[in-house]
Amino acid sequence: MDLQESFRWIESERESLLARLCELSAINSGSGNLPGIARVSEVFAADLNSHSGHLEVVPSATAQRANLNGELVTESYGDMLDYRMRPAAPIQVLLVGHMDTVFPADHHFQLPEVQDGGVLKGPGVADMKGGILAMLTALQAYEAFAGSGQLGWRVILNADEETGSHGSADHLVKAAGSAHAGMIYEPGLTDGTLSRARKGSANFTLVAKGESAHAGREFHKGRNAIVALASAIDRLAAFTDSEKGLMVNVGRIQGGTALNVVPDNAVCQFNVRCWRREDQEGFLRQLQELVQDLNAHSDCRFSLHGGFSRPPKTISPANQLFMDWAVDCGRQLSEELRFADTGGCCDGNNLAAAGLPNIDTLGVQGGYIHTDQEFMLIDSLTQRAKLSLLLLDRLSRQGDELLALREQQSRAEEGLATC
Ligand SMILES: [Zn+2]
């Protein structure tokens, strides 16, 4: 590959990338805004279709979730794009991005703005429309300057990452099975730091059902769901174990009607985070026992909904090797890449749990994501495209080493299991 030529081409794209990113940021694609997501998807589909591969539009699965009234509601999400190039090539890489943002159509933050100091502020510029453009630019450059028949690539852009990928996780996990490595385009930190291990994350809804009664006339006949839930919440919060990094955050609560009515319904929703698979399993056991105990000893009935949609991401030897390659590639760009663990989670968690070594912050550098101050560093659009190009090239030559390490690890685990 003629590096200098490919880098010059990427640099020549800088202004057009910035203009396209501004257009994309101005299209609202908040999770659940299906027409907005479809418009963004058309832009990316046109880009992908400039290659000679095959595009499939894949409907997301629907998912059932408990709302704050304790009722199960079915949620639907936008379609995914799934593009495959050279699916028969010996080495396969899966590139993943999400088209949705956290900003709904009625949010006040809707338009991008170029600011001093090479900064672009706007909804989704960092998380992750900028990242997807960097990915697509790297693929263009790879095909134009390197395109070796050794490497096949697959791009999946989902529409529901910001709400936990409930409609796309299964599709992604299936795709992980036929890939050597995953490249995901969440933003890096402002100083360029990428994410290493990630906490797992679960959302739960705990519903307490009691018996309503007139608070004045027949108070004794009532069973107060709010009081029962309040004591359950105390016990839930006590599961937090700071030493292990296991956090239970009760984030929402609702219940009751009028003040002179004993409430028969109370609901809380909570998020759980932990570093290790063992802690996830231990917590789930504790939680089941708590619900059983509540149902045995309280005068209200409890039901629990939800689970871990993001398992913890731990770093396998193959994943470590892939990160080492990224550091090497960074040095070729005169950049010293750093990785740090994070309590946040993304599709990289699910892909890692499916056995796929991945780097999940290959997108642009930015900050204040999920707020109306979200920004990205304009230079990082082309810089990160170059980094991805180098990684693709490395994978095309050495991707087999990742697979060998994975096989070695699973043999070792099987050995342990049979001991
Ligand atoms: Zn994101």
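The legends below describe close-up views of one predicted model.

Residues are numbered from 1 along each chain as its sequence is written, and side-chain values use heavy atoms, with hydrogens and water left out. Because the model is predicted, local features need pLDDT of at least 70 and side-chain atom pairs count only at pLDDT 80 or more, whereas totals for chains, interfaces and linings use all residues.

**View 1. An open antiparallel sheet runs in the order β13-β15-β11-β16.** Helices and strands are DSSP runs numbered from the N terminus, helices being H or I with at least four residues and strands E with at least two; two strands pair if DSSP finds at least two bridges between them. The edges of this sheet of 4 strands are β13 (247-255) and β16 (301-310), each of which has a single partner strand, so one side of each is left without a neighbour in the sheet. Averaged over the sheet and with direction ignored, neighbouring strands are turned by 15 degrees against each other, where axes are lines fitted to C-alpha atoms, for helices over the stretch in contact, and angles between N-to-C directions run from 0 to 180 degrees. The antiparallel pairing of β13 with β15 (residues 265-274) extends over 8 bridges, and methionine 247 stands opposite arginine 273 in β15.

**View 2. Helices α6 and α7 meet the sheet of View 1.** Helix α6 (residues 225-237) lies across β11 (200-209), β13, β15 and β16, and runs at about 10 degrees to β15. Helix α7 (residues 277-297) packs on the sheet and touches β11, β13, β15 and β16, its direction making about 170 degrees with that of β16; contact here means heavy atoms within 4.5 Å.

**View 3. A zinc ion has protein donors from His98, Asp127 and Glu186.** The donor atoms, NE2 of His98, OD of Asp127 and OE of Glu186, lie 1.8 to 2.1 Å from the zinc ion, and along the chain the donors follow the spacing H-x28-D-x58-E. Donors are N, O and S atoms within 2.8 Å of the metal (3.2 Å for Na, K and Ca), and water is not among the atoms, so sites may look incomplete. Aspartate 127 lies in helix α4 (residues 125-146) and glutamate 186 in the loop between β9 (181-184) and β10 (194-198), so the pair ties together parts that are 59 residues apart in sequence. Both aspartate 127 and glutamate 186 are buried, a term that means under 20% relative accessible area, with exposed being over 50% and partly exposed in between (1.4 Å probe, protein chains only). The peptide bond that leads from aspartate 127 to methionine 128 is cis, with omega near -10 degrees, and methionine 128 also has its place in helix α4.

**View 4. A second open antiparallel sheet runs in the order β6-β7-β20-β19.** Its edge strands, β6 (113-115) and β19 (366-367), each pair on one side only. Strands β19 and β20 (residues 375-377) pair in the antiparallel sense over 2 bridges, and glycine 366 has methionine 376 in β20 as its bridge partner. Helix α4 lies across β7 (119-121), β19 and β20, running at about 45 degrees to β20.

**View 5. Two serines other than glycine in type have a positive phi.** Serine 165, whose phi is near 55 degrees, is found in the loop between β8 (151-158) and α5 (169-176), and at 0% relative accessibility this serine counts as buried. Serine 334, with a positive phi of about 60 degrees, lies in the loop between α8 (317-332) and β17, and at 71% relative accessibility serine 334 counts as exposed.

**View 6. Serine 201 lies in strand β11.** With a relative accessible area of 5%, serine 201 is buried. Leaving aside neighbours within four places in sequence, serine 201 is in contact with residues including Asn271, Val272, Arg273, Gly307 and Cys345.

**View 7. Leucine 34 is found in helix α3 (residues 34-48).** Leucine 34 is partly exposed, with a relative accessible area of 34%, and touches Tyr77 and Gly78 when residues up to four places away in sequence are not counted. From C-alpha to C-alpha, leucine 34 and asparagine 224 are 40 Å apart in space, and they are 190 residues apart in sequence.
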